[in-house]
2 protein chains.
Amino acid sequence: MKNLLVAQSGGPTSAINATLAGVVENALSSPSVDRIYGSINGIQGVLTENLIDLKTKLTNVSELDLLCQTPASALGSCRVKLKDPAVCADEYETIISVLRKYNIDCFIYIGGNDSMDTVDKLSKYLNAKGITDITVVGAPKTIDNDLCGTDHCPGFGSAAKYIGTTFAELERDCHVYATKAVTIVEVMGRDAGWLTAASCLARANGAKGPDFIYLCEVPFSIDTFLKDVKAKLEKQDAVIIAVSEGVKNKDGRYISEEVQSSAVDSFGHSYIAGAAKVLEDAVRNEIGCKVRSIELNLMQRCAAHLASATDIQESRMLGKTACQYALEGATGMMAAVIRTSDKPYATEFKALPVCDIANAIKSVPADYINDAGNDVTEKMVDYLTPLIQGEMNTVYENGIPKYIYLY
Amino acid sequence: MKNLLVAQSGGPTSAINATLAGVVENALSSPSVDRIYGSINGIQGVLTENLIDLKTKLTNVSELDLLCQTPASALGSCRVKLKDPAVCADEYETIISVLRKYNIDCFIYIGGNDSMDTVDKLSKYLNAKGITDITVVGAPKTIDNDLCGTDHCPGFGSAAKYIGTTFAELERDCHVYATKAVTIVEVMGRDAGWLTAASCLARANGAKGPDFIYLCEVPFSIDTFLKDVKAKLEKQDAVIIAVSEGVKNKDGRYISEEVQSSAVDSFGHSYIAGAAKVLEDAVRNEIGCKVRSIELNLMQRCAAHLASATDIQESRMLGKTACQYALEGATGMMAAVIRTSDKPYATEFKALPVCDIANAIKSVPADYINDAGNDVTEKMVDYLTPLIQGEMNTVYENGIPKYIYLY
């Protein structure tokens, strides 16, 4: 019989708990699994021996379903990155002692880049120490969609569906007045523009969608941006723009750094605005029409009520698969989604070496972006569309979605 | 046979099109109605003779249902307030000439305070001119919920459901890390705190919900706010706060004016921050922990995918009722919702003189706010809860909600 440990790490998503549900579901149904532990606050909970017994918390399918509609990491999260074991092995030894104390055979870590780095380092450390009876496996997660190897990351589809829907709603809202007005919407993504690109999905049912889409992969010029906006305002009243929070100028500096270095608040502290706020000021000062900036902020990663059914189902399957890999001893591997067809959409799961994935970033390819650098191409639409299909039958109680609490 | 004209005005909501659907539904089924016109961009469309034939656009129930799930004013909107007819009667005469040209017998105006002012002024002007064969009737609409007479305003329930759900999701998101962090969420409402109060609905299913709720009805002190937050941070890691955009200090000045008069951006223009941004800076400077501000912005008024079924059904019924009043000649009246019972929730509709409603604001009563001025009471919960019940079976196509376009 094997004992299992599962933990979640990095920024929350609407689908990370579906992956947890998949891990537990597979473990519950496996005759070779005895105890299922959850670590509170990711690897931090392992280091501090803060573990809970998940078999007492998740006993049936309806609780697992409720877990799938609960946003953010139900086991808590952390931003811990393990040190290089050659410099400091203390953390690794602590982790091993806790795993040994609870007789853990399999550790499944659900997370993004830093979490995959943890899976990589820990599995290598165990290997170097000749410890072969503990497997460490990664399950991907990040709304940023910037992990290599996997076609896409669990959580991204739901965030993309939220972004597409929200841009469709904002377009309706912004087009009601017969006056010139610019709305600039800032979308998460410092190093990869996938989320911002998802704003194009607002066009799915015949709407114009955002008028411009600026991804952080393309060097951003405020002058070109203002020319784009001015030209569009000559043709129509409302102009709506999607912009990555991470847009940088040709020198690689964030737009907010480029423009706002001299701004100070009333306390005398320099004011760090977001990209949309900076562009709002630029439109107000250089064009002079009504202008508003909007940050989708945390809502884009926690709006579980608008999750993509495709994303939640895949995330749950990926959790099951990661659990299976761990039970089969595939240490140092990450469960990945491989797309085998766009139309009809078809995928399969595969174990990839996590060392090929950790610490690399998958940017938007150049041919997914138009030549002017202010919109996406059909390739992007074809890539995104399958990921947002389907709606969850969210259970509401008292008018508000119902959640499960694990600790 | 009568000809009907309907228009929408003021800020968009998720329910204003349900009221339009109700008006058209009643008109389509009434044997005494011939033509149904829609004015584009509210009263502005009447002044410029920009009318469309709604019978060709809305021919069956499925189109009316689609209209009910389409956010924002499908006929467009405006912010026009008619001048005092004693000073300038030109606009009134133009309106009458257009109404006469199209043989309009009934004009139904869906909107908030300014729109009810238009209904009031226009009906009085017609009356003073001895014109008795044109009726002007108002149908309420505003997410701010600040119209007098009516128990609540169509659109408010859906915004409240969005706000309650979003705070529930944000709470899950913010509680995942074991580090001290403050999240300040700014909610719409300059003169009435109803929307901000709706954040308490996040507690409906056992969650803690926001730790503090500051409404614009209570004089706001940054010192007291910082004391509240410090005390709470000693007990828990994540602190979440709801604040009305319109909070003012004891002298009646907006918090942003009080604090940020000296802040300038890099162009040298004084920077006008929102309430949450100002409080974010205060927490950063005075407490020093991790802090983030979030504006729910336009999303809280256009998130039709999360509309309250109670709100949409009532809004549609209210449109039907307003149409009926207009056909019966009840000029200068507004269709209102009267609550006859909290538990079980029961309402009836009533025609109220619009002159008693226009230009007055319904604030949150003192006994709906706790003594410390940083939360709401059970009375508020009892008032709000029925308004967010039920979910719409939103029709999605290609992963995104489907809308109808009238022009």
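Which side chains meet in a salt bridge at 3.7 Å, N to O? They are those of Arg35(A) and Asp53(A), the subject of the first view below. The model is predicted.

**View 1. Salt bridge between Arg35(A) and Asp53(A).** The side chains of the two residues approach to 3.7 Å, taken from N to O. Arg35(A) belongs to strand S2 (residues 33-39) of chain A, and Asp53(A) belongs to strand S3 (residues 51-53) of chain A. The two residues are 18 apart in sequence, and the pair links distant parts of the chain. Over all chains, the count of salt bridges comes to 50.

**View 2. Contact between chain B and chain A.** Chain B contributes 77 residues and chain A contributes 76 residues. About 6100 Å² is buried between the chains, with 56% of this area coming from carbon and sulfur atoms. Polar contacts across the interface amount to 35 residue pairs, both residues being at pLDDT 80 or more. On the side of chain B that touches chain A, the elements giving two or more residues include helix H7 (156-174), helix H11 (275-286) and strand S9 (290-295) of chain B. H7(B) gives the most, with 12 residues. By residue class, this side of chain B divides into 37 nonpolar, 24 polar and 16 charged residues.

**View 3. Salt bridge between Arg301(A) and Asp173(B).** Two salt bridges are found across the interface of chain B and chain A. One of them is shown here: the side chains of Arg301(A) and Asp173(B) meet at 2.8 Å, N to O.

**View 4. Superposition of chain B on chain A.** A turn of 180 degrees with a shift of 0.0 Å along the axis lays chain B on chain A, and the RMSD is 0.0 Å. This is the relation of a two-fold axis. Both copies use the same surface, as 99% of the contact residues of chain B recur in chain A.

**View 5. Aromatic pair of Trp194(A) and Tyr368(A).** The ring centres are 6.0 Å apart, and the planes stand at 90 degrees, an edge-to-face arrangement. Trp194(A) lies in helix H8 (residues 194-197) of chain A, while Tyr368(A) lies in the loop between strand S11 (346-353) and helix H14 (378-384) of chain A, so the pair ties together parts that are 174 residues apart in sequence. Over all chains, the count of aromatic pairs comes to 20.

**View 6. Cis peptide bonds before Pro344(A) and Pro344(B).** Most peptide bonds are trans. In chain A, a cis bond joins Lys343(A) and Pro344(A), with omega at about 0 degrees. Pro344(A) sits in the loop between strand S10 (333-341) and S11 of chain A. In chain B, a cis bond joins Lys343(B) and Pro344(B), again with omega at about 0 degrees. The loop that holds Pro344(B) runs between strand S10 (333-341) and strand S11 (346-353) of chain B.

**View 7. Backbone of Ala72(B), with positive phi.** Most residues other than glycine have a negative phi. Ala72(B) is a residue other than glycine whose phi is positive, near 65 degrees. Ala72(B) is located in the loop between helix H4 (61-68) and helix H5 (90-101) of chain B.

Key: Residues are numbered from 1 along each chain as its sequence is written. Chains are lettered from A and ligands numbered from 1 in the order in which they are written. This is a predicted model: local features need pLDDT of at least 70, side-chain atom pairs count only at pLDDT 80 or more; totals for chains, interfaces and linings use all residues. Side-chain values use heavy atoms; hydrogens and water are left out. Contact means heavy atoms within 4.5 Å. Buried area is the accessible area (1.4 Å probe) that two parts lose on being put together, summed over both. A salt bridge is a side-chain nitrogen of Lys or Arg within 4 Å of a carboxyl oxygen of Asp or Glu. A polar contact is a pair of N or O atoms within 3.5 Å; within protein, one must be able to donate a hydrogen and the other to accept it, and residues adjacent in sequence count only if both atoms are side-chain atoms. Helices (H or I, at least four residues) and strands (E, at least two) are DSSP runs, numbered from the N terminus. Ala, Val, Leu, Ile, Met, Phe, Trp, Tyr, Cys and Pro count as nonpolar, Asp, Glu, Lys and Arg as charged, and the others, Gly among them, as polar. Copies are superposed by least squares on the C-alpha atoms of residues with pLDDT of at least 70 in both. Rings of Phe, Tyr and Trp (its six-membered ring) pair if their centres lie within 6.5 Å; planes under 30 degrees apart count as stacked, over 60 as edge-to-face and the rest as tilted.
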